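Here are a few exercises to work through with the model open in your viewer. Try each task before reading its solution.

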Amino acid sequence: QNNDFLRNTVHRHEPPVTAQPIQILAEDSEVVVVDKPSSLPVHPCGRFRHNTVIFILGKEHHLQELHTIHRLDRMTSGVLMFAKTLEVSKRMDEQVRERQLEKEYVCRVVGEFPEHEVVCEEPILVVSYKVGVCRVDPRGKPCQTLFQRLSYNGRSSVVRCVPRTGRTHQIRVHLQFLGHPILNDPIYNMDAWGPQRGKGGKVDKTDEELLKALVEEHRSKQSLDILGVSEEDLSSSAEGKDCDDPRDCTKPVQGDPVSKTSCPARDPKGAAKDPEGNDTAACPLNSNASLETLEKNKELGGGETQNGQGGEQGSEEKDPLCLECRVTRRDPSPKELVMYLHALRYKGAEFEYCSKMPQWAMEDWEE
């Protein structure tokens, strides 16, 4: 009615990420090249918005309207390129299609990797877009990865990886198939894959059984956030509604990247829902908490959140109507936010960008 005042408060929970800063390796009028830390997604996706490379570059470095040339998995660190204009982005995309760009990765894997060069050409099938799980399967898409061992410290090996194609989790899945999964891979080096952990593609489980086992294993370790999902994510929508690519389930953020009131980025198809973007999950009508409780909470100064983030100011910031506020989660340890897979070099016809070798890839490194 006339003179009514309506207010909508953005209340968002994001999984924790590393505090390691994003290092800018190179910048000119056409591109920005950064060294991406592990645990940070490239752009808003699922439950992540503020804690993304795109958002941080906009807020801390005033680099806006960037175009992604290529992507890295959330847990993968290393060289990441952005185009500053649409024209540069299209030119780079053409080079990608014509296989003129070469990416080189380095990783630390379980056991003694063979000294000779290994080529893996097993087809890869996506099991779940929501959780982000793939497996070697004859029904999958063809792909090829070249591997070369760099060092071996008696327990684990540092391996150079050159993917000739760009399938989701290609390097990680091929290493698992070869029996040398990445040392701390939170998906492909888990007991859920069986005694051999997926070596040779032998997994005596259906896709559904595998997913259930993986989720249960992380649930028992209280580490679902490492997968980038929560209990609410798993129960809010059916598997058939997943987006096409876990790394590409939103469009780049338009407008002001530091806006504190803009709504969460969504999947172009409207499929990938998260607790904050789903009204039913965020503020259930059948919640046990009443409006009276909410009003009391406001009087105590806990009815609003600062900077669009819930729970930052302490327990008094909890919203009684928010399902996530009721869940107490442990903070992950620093090593849980790092996976030993790093994009070392990105090379094109007219450029080549490299980052430093990560500490865990040194010959004398010990865990």
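**Exercise 1.** Find what phi His-62 takes just after α1, then work out which residues of the helix are buried and what they pack against.

*Solution.* Start at His-62: just after α1, this residue has a positive phi of about 55 degrees. We're in a predicted model, where local features need pLDDT of at least 70, side-chain atom pairs count only at pLDDT 80 or more, and totals for chains, interfaces and linings use all residues. Residues are numbered from 1 along each chain as its sequence is written, and side-chain values use heavy atoms, leaving out hydrogens and water.

Next, step back into α1, residues 53-61 (helices are DSSP runs of H or I, at least four residues; strands are E runs, at least two, both numbered from the N terminus). Its buried residues (under 20% relative accessible area, 1.4 Å probe, protein chains only) are Val-53, Ile-54, Phe-55, Ile-56, Leu-57 and Gly-58. Finally, these buried residues pack against β2 (31-36) and β4 (77-83).

**Exercise 2.** Place Asp-137 and decide: buried or exposed?

*Solution.* First, locate Asp-137: the loop between β8 (133-136) and β9 (145-152). Asp-137 counts as buried because its relative accessibility is 12%. Then list contacts (heavy atoms within 4.5 Å): skipping residues up to four places away in sequence, Asp-137 touches Pro-123, Ile-124 and Leu-125. The C-alpha atoms of Asp-137 and Ile-124 sit 5.7 Å apart, with their positions 13 residues apart along the chain. Last, a polar side-chain atom of Asp-137 lies 2.8 Å from the backbone nitrogen of Arg-139.

Definitions and conventions
Buried means under 20% relative accessible area, exposed over 50%, partly exposed in between (1.4 Å probe, protein chains only). A polar contact is a pair of N or O atoms within 3.5 Å; within protein, one must be able to donate a hydrogen and the other to accept it, and residues adjacent in sequence count only if both atoms are side-chain atoms.
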